[in-house]
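Colleague: I should be grateful for a close look at the backbone of this model, in particular at residues with an unusual sign of phi. Please set them in the context of the whole chain.

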Amino acid sequence: MKNLTVVGVGHVGLVTGACFADLGNQVVALDTDQDRISGLQRGQLPIYEPGLEELVGRNLAAGRLRFTTSYAEAVAEAEFVFIAVGTPGGAEGEADLKHIRQAAESIAQAMIAPLIIVNKSTVPVGTGDWLADIVRSHQRVSIPFSVVSNPEFLREGAAITDFMHPARTVLGSTDARAAEKVAQLHLPLRAPIMITDLRTAEMIKYASNAFLATKISFINEIANICEALGADIKEVATGMGYDPRITHHFLEAGLGYGGSCFPKDVKALAYMAAEKGRHPQLLQAVMEINDDRRSLLVDKTRELLGDLRGKVIGLLGLTFKPDTDDLREAPALEVAQMFSSEGARIRAYDPVAMERAAELYPEIQMASDPYSLAAGCDAIVVCTEWNEFIQLDLRRFHDLMRQPVIVDGRNIYDPKQMARLGFRYVGFGQGYGPDGMPLSEPEPARQEERSL
Ligand code: UDX
């Protein structure tokens, strides 16, 4: 059992603290946001992450996890202090490190015994050295400490699984003993542990996310080519994925990536490269392809509806991906903006994020369920592949809509079934004939089929 502190109770910090507590450690989680901390002390979470409310509640009750806004209290008995604060991207892609700086200064001023400072936040390569300089220059008295980089690889919506069953633990430090101690903390996870230097560990995080984003832009480019040649992108991805060098992961074509990580991290890596005079050709292309997905979706809708002025368009899903309430860099919101700028009226339904979306985007009319969304729409545009959308009664959808048009931004429906049900349908890389045009006008649905 070890005493550890986590600074920052966002997705990464809260999952890290709750999971380390569940592994039997004594954890103090700190944030400067008093409302957040007061809520957490009552077991109320500021974020939606499957399984996290129960995990926090259980460890709160067991006394292994507690929350505070006081750095003095947080570091008093700690052997490890994990920094898990946000590093938002600036306009050019540079990472904004103000929260890291604040945490480092506060830790330095509060520490009363040797500490191992473990950075989990995604930071530009070289930040670990910068962090050490800040701590050293802000200590009241000189107390030994070490800095270890320990990048996180948590997917929102699967964060607890990803923490408890990591593919690997990456540690980077100039102090091998400190890295070894952090490795000990991770032994119960029974995953490969890699110890390297600070800069290399920081780069592994960026390179991993940039590679995953590259896979997504790659399959999206292939989807564009499939549309022109009448191939089916989902079948192509399946055929590719059997190759163990490729795998089936991150080969889902559609609206592209969003969220608080991929857009920011790819941009930051490109910025770091350009700053050092190494033109990031591939990363630029990855970002351009991804940006184009949003306008492509609007083009597809315009091809099926004609002039969008006055048309009612229903967005199915708003979050950047399923099983999260996170709207950051959500493609749906960019698409909503584009449709509005062409005079369309936007309606939306999302299983968990509508309240937050309504606050941010009052111009979007929220529907209470998918069917009331469909009523009166000229087109339904799928933006997030929530499971509940896959099971919808599409016959009922067809009867409720003003025009039976579906533009499938996440390829959740089968083009042939959509045609049989009487929809005019396109996806990304599917729903196109050999001539590169949307599949011919739907055959009139036979009665028995409509009862699907
Ligand atoms: C990602 C990384 O997976 C994780 O390791 C890192 O720590 C944080 O960033 P996350 O952003 O939570 O996690 O979501 P992820 O599941 O990776 O999806 C990222 C985006 O890519 C989403 O917008 C998703 O819709 C999109 N995506 C994902 C695709 O468009 N196609 C795919 O095949 C997979």
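Modeller: The model is a predicted one, and its protein chain holds 19 helices and 14 strands. The radius of gyration is 24 Å, close to the 22 Å that the globule rule gives for 452 residues, so the chain is as compact as a globular protein of that length. The C-alpha trace spans about 80 × 50 × 40 Å along its principal axes. Of the 452 residues, 54% count as buried. Where contacts join residues at least 6 apart in sequence, 72% of them link residues at least 24 apart.

Against this background, two residues answer the request. Thr-247 has a phi near 65 degrees, which is a positive value in a residue other than glycine. Its place is the loop that runs between helix H10 (233-241) and helix H11 (262-275). The relative accessible area of Thr-247 is 27%, so this residue is partly exposed, given that buried means under 20% and exposed over 50%.

Glu-329 also is a residue other than glycine with a positive phi, here near 50 degrees. The loop that contains Glu-329 connects strand E9 (312-316) and helix H13 (331-341). Glu-329 counts as partly exposed because its relative accessibility is 47%.

As for the surface of the whole chain, about 19,800 Å² is exposed, and carbon and sulfur atoms supply 52% of that area. The chain carries 45 positive and 60 negative side chains, and the centres of these two sets lie 2 Å apart.

Definitions and conventions:
Residues are numbered from 1 along each chain as its sequence is written. This is a predicted model: local features need pLDDT of at least 70, side-chain atom pairs count only at pLDDT 80 or more; totals for chains, interfaces and linings use all residues. Side-chain values use heavy atoms; hydrogens and water are left out. Helices (H or I, at least four residues) and strands (E, at least two) are DSSP runs, numbered from the N terminus. The radius of gyration is taken over C-alpha atoms; the globule rule is 2.2 Å times the number of residues to the power 0.38. Buried means under 20% relative accessible area, exposed over 50%, partly exposed in between (1.4 Å probe, protein chains only). Contact means heavy atoms within 4.5 Å. Accessible areas come from the Shrake-Rupley method with a 1.4 Å probe; for residues, only the protein chains shown count as cover. Lys and Arg count as positive and Asp and Glu as negative; His and the chain ends are not counted. The place of a charge is taken as NZ of Lys, CZ of Arg, CG of Asp or CD of Glu.
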